[in-house]
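I opened my notebook for a look through this structure. Here are my entries, in the order that made sense to me.

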Number of protein chains: 2
Amino acid sequence: MTRLSNDPAAFADEALEGFVAAHPRRVRQVPGGVVRATRTAPGQVAVVVGGGSGHYPAFSGLVGQGLAHGAAVGNVFASPSAHQVRQVARAAETGGGVLLAYGNYAGDVLHFGQAAELLTAEGIPARTLGVTDDMSSASPDEAHKRRGVAGDLVVFKAAAAAAEAGQPLDQVTRIAELANARTRSFGVAFSGCTLPGADHPLFTVPEGRMAVGLGIHGEPGMGERPVPTADEAAELLVSTVLGELPEGVEAPRGQRAAVILNGLGSVKYEELFVVYRRVAQLLADAGVEAVDPEVGELVTSFDMAGVSLTLCWLTDELEPLWTAPADAPAYRKGTVDPADLVVPDPSAETAEDTVPPATDESREAARTVLAALRVLKDTVDVHADELGRIDAVAGDGDHGIGMRRGSTGAYEAAVRAETLGAGAETLLQRAADAWADRAGGTSGALWGVILRAVGTALGDTARPTAAEVASGVAQASAGVRELGGAEVGDKTMVDVLVPFSYALTAATRAGQPLATAWDTAAHSASAAAEATADLLPRMGRARPHAEKSLGTPDAGAHSLALIVRAVHGVFVPTLENH
Amino acid sequence: MTRLSNDPAAFADEALEGFVAAHPRRVRQVPGGVVRATRTAPGQVAVVVGGGSGHYPAFSGLVGQGLAHGAAVGNVFASPSAHQVRQVARAAETGGGVLLAYGNYAGDVLHFGQAAELLTAEGIPARTLGVTDDMSSASPDEAHKRRGVAGDLVVFKAAAAAAEAGQPLDQVTRIAELANARTRSFGVAFSGCTLPGADHPLFTVPEGRMAVGLGIHGEPGMGERPVPTADEAAELLVSTVLGELPEGVEAPRGQRAAVILNGLGSVKYEELFVVYRRVAQLLADAGVEAVDPEVGELVTSFDMAGVSLTLCWLTDELEPLWTAPADAPAYRKGTVDPADLVVPDPSAETAEDTVPPATDESREAARTVLAALRVLKDTVDVHADELGRIDAVAGDGDHGIGMRRGSTGAYEAAVRAETLGAGAETLLQRAADAWADRAGGTSGALWGVILRAVGTALGDTARPTAAEVASGVAQASAGVRELGGAEVGDKTMVDVLVPFSYALTAATRAGQPLATAWDTAAHSASAAAEATADLLPRMGRARPHAEKSLGTPDAGAHSLALIVRAVHGVFVPTLENH
């Protein structure tokens with residue numbers, strides 16, 4: 001289990017801080033993650049990777065010359081936000097555009113995709129690639145749905161080496177796609193992991209059993225069997241990976257392959273070597289030449305006990321990219337010409353010290369919004385443990401932590417914005433970005449959408465009307481449905497947000513003042529939250545223990561309902577000018 | 001726990017094989033361990049390190065340019081034999097002599113010390129250095145008794161960098177001693193580890209507790225307390241290490257130090273970074289400049305959960321040696337000029353394909369000895385589980401495994417020697433070396449001494465007499481007492497060997513034929529073995545659970561008694577010419 005932490009909500013931030021302190025000559029912290037500490041040639045494509053924390057050396061440990069140019073670092077097991085990805089990409093790019101590469105998980109796809117749109121819109125060409133090497137996560141005919149595991153390394157490495165060689169963005173992207181198409185991984189696990197601050201494992205494997213294909217966050221695998229010998233484990237891994245050759249590879253014999261035998265955390269080095277001994281024999285027997293094999297911990301899941309085998313079937317183009325030198329904190333190969341260290345430009349990091357102009361009316365509205373964000377934060381603080389417990393029934397129990405991080409970050413950003421004289425829209429935009437950054441994950445992104453939509457409706461100029469507030473909520477509702485892909489009945493926060501929005505719109509149209517209308521709508525929200533208490537699957541990543549969720553409301557729906565009720569009080573004295 | 005293995009007795013060998021397969025460009029397997037795969041400049045001092053398996057990257061992972069020239073690799077948690085160390089040193093050395101460096105554990109001290117004598121005797125200057133960085137293992141006034149933990153790395157690195165710089169053996173040794181004198185480590189643990197094939201942990205820490213100063217094989221620490229926060233753990237580690245400054249360091253402020261935050265196996269990277277964040281703050285507050293800090297797994301104990309902090313207080317001489325480039329499988333730093341790969345000379349590895357001349361009489365005696373070794377091996381095979389269970393009461397339960405590895409190796413070597421026409425002395429010497437190599441640990445060394453002493457008494461020429469056999473056993477008894485440092489009453493195999501030897505000598509002097517004399521002596525041995533069943537401490541490394549041993553005979557004494565009884569049958573038809 002994970003034992004050493006301070007405030008669990010601060011774990012990922014503190015780990016990043018310690019990581020950067022340990023590797024000052026390779027990485028430099030920037031908002032949202034890390035970039036290389038070394039100078040990159042102007043015009044070189046930047047390969048920006050990322051994902052949740054808890055998988056070191058993925059992803060920050062893979063930043064350095066010859067490997068990634070930057071890594072966006074999310075909270076524990078949660079995607080970084082689009083804003084984080086964008087910030088890291090902006091710090092990493094030097095005029096050649098950006099390839100965003102990540103494991104193919106719902107939250108990552110969503111945020112890296114959004115970031116690519118934002119970057120492109122501001123004139124930085126950006127492409128995306130979700131790595132899909134995990135054979136156990138979908139069948140071959142749905143290979144695009146597969147998750148990314150240790151194959152990340154091969155894909156990142158090939159893309160980065162191509163970038164270092166001066167290839168343009170189209171080519172770097174093509175090479176990343178080629179490497180991904182030729183990479184397969186398969187793994188087994190003997191235990192799960194316990195998240196920082198948790199008192200029970202996020203997922204488990206029964207003692208003496210082996211879970212075949214279990215995902216690194218506990219995503220369901222392909223069944224269990226007794227723990228095998230090391231040789232039997234090697235035989236299962238090799239036969240499975242050799243059993244599904246990529247397009248263009250007719251037979252293993254005569255092929256050359258990048259080989260990774262990856263430990264998930266507490267299957268340790270000597271065990272990995274005992275397994276690799278047999279893997280090497282079997283590959284040799286099959287006529288496969290292992291090129292620069294890696295045996296160690298490349299993608300972990302805290303102290304999860306497991307091992308996975310990755311093969312990337314090399315081509316003449318891919319092999320030199322795999323064997324090219326690299327110098328990252330957790331991955332070094334060959335001899336890199338050391339580049340100069342970057343001297344950070346402090347002016348580049350002060351962009352948020354000013355706000356656009358706003359009217360006095362909008363500033364007054366901003367103060368009301370700030371009060372609402374304060375109530376929101378306080379409500380989340382009081383209920384964080386309860387939200388965690390509810391989430392633990394069907395999910396990974398981090399909803400309370402995520403909501404606390406998000407609402408605290410949003411409130412703090414709003415306080416800064418208010419001090420700078422922000423109007424309601426700007427204040428909510430800053431709060432939205434901060435929430436998404438700090439909370440991470442799907443829920444962080446959705447709350448970012450909510451705050452931003454309401455902010456857009458309020459503007460920085462006029463005194464907002466109750467109708468405008470209702471319109472903002474309606475837009476938030478639409479945005480959440482679009483971004484998350486869930487609809488009413490899917491047992492998510494949409495089940496609460498939609499009736500709340502309908503009721504608020506109806507009541508304001510009927511001429512009720514905001515405080516009254518909000519109160520009415522909040523009652524609808526509470527009733528809707530209770531109605532989410534059943535068995536249906538939730539939005540977001542796979543939740544292996546969903547069958548346990550009977551009778552418990554969805555945590556996201558529940559927190560939204562709590563918040564809209566609590567916020568009601570803020571509107572009683574103000575904003576009532578419909 | 002350790003889950004993946006095949007035959008647990010083969011674990012260390014198979015791990016080494018897989019390790020070498022994974023790192024063909026850095027290391028090359030030789031009898032006894034590994035050496036650099038790259039060419040070393042002629043006349044350069046060779047730094048040969050080593051110790052038991054189970055601590056990767058210690059020790060084989062630290063072999064490569066700029067770091068160790070070779071590593072002798074023992075069985076799990078057992079020292080390599082003197083013969084192994086000598087073989088690795090001979091393969092590594094290029095005319096500049098050898099520094100043998102290892103952690104200061106009884107078995108390692110014994111075997112590396114013996115190896116240094118053997119090497120010196122054959123004209124290869126050799127020095128030894130046992131690293132003593134573990135503050136919790138003895139008080140400052142007995143610092144020479146301290147064990148070696150992650151400080152190994154700093155000492156090996158400084159010595160190897162000095163060797164690479166062309167310094168002669170005296171200087172390399174002085175630098176290793178200087179680095180050792182200025183290095184301090186302190187650690188905490190949250191769980192023990194389970195050895196390959198074992199069904200229960202070798203040692204444990206109660207859930208929710210932290211063992212302060214617990215050794216990497218479960219050696220007793222300084223007490224327990226509740227698991228602290230990461231910051232509190234950092235504060236304990238830093239304040240303890242800063243609390244005992246080496247000679248010549250007046251105060252921390254203004255000092256520069258090599259810093260290692262080491263994970264023992266399943267305290268994982270992000271946790272280590274969270275702890276390091278606070279370690280870095282505290283060192284900065286104390287005015288200590290951390291030079292090239294390392295945060296990761298440098299000395300492990302399978303999946304033991306623990307963390308240790310090491311500081312080496314640098315001097316102007318030590319700092320460039322710490323920061324010099326290195327390129328080992330598990331430790332890479334800076335930019336090394338890649339050296340050419342060595343093309344191994346196959347003729348160098350066939351030294352044991354011939355035997356010295358022997359008479360027909362001695363060859364006949366050798367066949368009797370071979371039969372005895374076969375009986376010995378079969379006896380051990382039958383009783384291996386029982387020996388393991390007995391040893392588990394007071395020790396680490398590996399006596400059965402060690403005896404099986406040793407007796408099987410000895411028998412196989414004897415079969416080869418017999419095929420080549422060896423006399424009794426040569427056959428027993430080959431068997432002795434093989435036993436010590438394969439079994440490792442203190443027990444392996446002692447059995448090596450026994451077989452070698454008997455062989456010397458038998459010679460390669462004459463038909464041995466019963467008196468010569470008894471004389472050989474007496475010399476074996478003296479050798480075991482000298483090497484192991486135990487005497488009768490210390491509850492070790494000496495308690496059996498001495499009365500057996502006395503009885504055998506007396507009976508042969510009284511004119512009994514060997515078979516009769518041996519039978520008499522074997523009865524004494526059995527009685528003596530039973531008498532070892534009490535509470536007294538055992539020879540060899542610390543055994544934290546000695547208080548549990550009431551009523552159980554010492555495993556080493558028990559196995560010796562079993563063997564001498566079983567071997568008796570071999571002598572009935574032969575060797576009876578007193």
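**Charges.** Before counting, I noted that Lys and Arg count as positive and Asp and Glu as negative, while His and the chain ends are not counted. On that basis I found 45 positive and 71 negative side chains in chain A. I also looked up the centres of the two sets, and they lie 1 Å apart. I should say early that this is a predicted model.

**Overall form of chain A.** I listed the secondary structure and got 16 helices and 14 strands for chain A. The radius of gyration of chain A is 24 Å, and the globule rule gives 25 Å for 578 residues, so I could call chain A as compact as a globular protein of that length. Along the principal axes, I read a span of about 80 × 55 × 40 Å for the C-alpha trace of chain A.

**Surface and contacts of chain A.** I asked what share of the 578 residues of chain A counts as buried. The figure is 63%. For the exposed area I noted about 20000 Å², with 52% of it supplied by carbon and sulfur atoms. I then turned to contacts in chain A between residues at least 6 apart in sequence, and 74% of these join residues at least 24 apart.

**Helix α4, chain A.** I went to residues 151–164 of chain A, which form helix α4 with 14 residues. From first C-alpha to last I read 20 Å, close to the 20 Å expected at 1.5 Å a residue. Is α4(A) mostly covered or mostly uncovered? I found it mostly covered, with 13 of its 14 residues buried. Just after α4(A) comes Gly166(A), where I noted a positive phi of about 90°.

**Helix α4, chain B.** I repeated the check on chain B, where helix α4 (residues 151–164) has 14 residues and its end C-alpha atoms are 20 Å apart. At 1.5 Å a residue the helix should span 20 Å, which agrees. I counted 13 of the 14 residues of α4(B) as buried. Gly166(B) follows α4(B), and its phi is positive, near 90°.

**Cis peptide bonds.** I looked at omega next. The bond from Tyr56(A) to Pro57(A) is cis, with omega near 10°. I placed Pro57(A) in the loop between β3 (46–53) and β4 (70–76) of chain A. In chain B, I found a cis peptide bond joining Tyr56(B) and Pro57(B), with omega about 10°. Pro57(B) lies in the loop between β3 (46–53) and β4 (70–76) of chain B.

**Positive phi outside glycine.** I stopped at Phe77(A), which is not a glycine yet has a positive phi of about 55°. I found Phe77(A) in the loop between β4 and α2 (82–92) of chain A. With a relative accessible area of 3%, Phe77(A) falls under the 20% cut-off, so I marked Phe77(A) as buried. My other entry here is Phe302(B), with a positive phi near 50°. Phe302(B) sits in the loop between β11 (289–296) and β12 (305–313) of chain B, and at 1% relative accessibility Phe302(B) counts as buried.

**A buried acid.** Last, I looked up Asp433(B), which lies in helix α11 (residues 424–439) of chain B. Asp433(B) has a relative accessible area of 16% and is buried. Which residues does Asp433(B) touch, not counting those up to four places away in sequence? I wrote down His83(B) and Arg452(B).

Key
Residues numbered from 1 in each chain as written. Chains lettered and ligands numbered in written order. Predicted model: local features only at pLDDT ≥ 70, side-chain atom pairs only at ≥ 80, totals over all residues. Heavy atoms only, no water. Helix = DSSP H or I, 4+ residues; strand = E, 2+ residues; numbered from the N terminus. Rg over C-alpha atoms; globule rule 2.2 N^0.38 Å. Buried < 20%, exposed > 50% of the residue type's maximum accessible area, 1.4 Å probe, protein only. Contact = heavy atoms within 4.5 Å. Areas by Shrake-Rupley, 256 points an atom, 1.4 Å probe, with all protein chains shown as cover. Charge placed at Lys NZ, Arg CZ, Asp CG, Glu CD. Expected span 1.5 Å × (residues − 1).
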